[in-house]
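Q: Could you take me on a close look at one part of this structure? I would enjoy a connected walk through the details.

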Amino acid sequence: MSKSHENPSEKTHIRLSDSRYAVEFNVKFPIVHKQIPGWEEINPLLEKGIRSVGDKQKRSTNVKADMTDTRMWESNQPAHEQFEIICKYALELCLASSPPQTVKHLRLAVTDCWGVVYRKDEFTQQHDHWPALWSFGYYINVSPDCAPIVFPDANHAVQPKNGMMCLFPGWISHYVPKQQSNQDRVMLAGNITHLFGATARSS
Ligand SMILES: [Fe+2]
């Protein structure tokens, strides 16, 4: 991480790493980023849809910015077709990023997907998406000086670019520091899970 980023300390949700049994590991996990084809046509429609839905969460989550409903691919949502396209790319990227010997066993589904508009001084406090298998962000309208997504346990940050998807394991802790730019940072995010079969134990 070349720049230091202020880690918003406010905390309303307990993280997996806060367990009293937590121990430190020194392991590697993928933080995948990829440009999505056709983003120039998709992004204006996504932004319009996200802005028309507006803030539905009222800062009740880790996201301290305007955040939409969490199932934006559903047919009653504006830009649901574009959300669906992005969710499909996210699933493809999950498969491409998973260990090859596991792919034939994977049955992946997007469980939630939402849009966010960060204005100046807005942020997301440190959190993870456990129990999601994979989580992703997709950048719709951002400026070169907008806030990055920061993975503090790896001392790593990813600078958003329009049309870029960033995919990472759902249990990886991350945050978005305060947006310093006057230009809004418009993005969407989502979670992906593996659908276990009927033989899976539930207890
Ligand atoms: Fe997140």
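A: Happy to! For what follows, two residues count as being in contact if their C-beta atoms, placed from the backbone, lie within 7 Å. This is a predicted model, and a good place to begin is Lys-161. Setting aside neighbours within four places in sequence, Lys-161 is in contact with Tyr-139 and Val-142. Lys-161 sits in the loop between strand S8 (156-158) and strand S9 (164-169). Is Lys-161 buried or exposed? Lys-161 is partly exposed, because 14 other C-beta atoms lie within 10 Å. Lys-34 is 127 residues away from Lys-161 in sequence, yet their C-alpha atoms are 9.9 Å apart in space.

From the loop we can step into S9 and look at its partners. Strand S1 (residues 32-35) runs antiparallel to S9, joined by 4 bridges; here Val-32 has Leu-167 as its bridge partner. Strand S6 (residues 134-141) is also antiparallel to S9, with 5 bridges between them, and Ser-135 stands opposite Phe-168.

S1, S6 and S9 lead us on to helix H2, since the buried residues of H2 pack against S1, S6 and S9, as well as helix H1 (39-53), strand S4 (108-118) and strand S11 (185-194). Those buried residues are Gln-82, Phe-83, Ile-86, Cys-87, Tyr-89, Ala-90, Leu-93 and Cys-94. Seen down the axis of H2, they fall within an arc of 160°, so they line one face of the helix. The face turned away from that buried side carries the exposed residues Lys-88 and Ala-96.

Terms used
Residues numbered from 1 in each chain as written. Predicted model: local features only at pLDDT ≥ 70, side-chain atom pairs only at ≥ 80, totals over all residues. Helix = DSSP H or I, 4+ residues; strand = E, 2+ residues; numbered from the N terminus. Buried ≥ 20, exposed ≤ 12 C-beta atoms within 10 Å, placed from the backbone. Pairing = 2+ DSSP bridges. Arc of directions from axis to C-beta.
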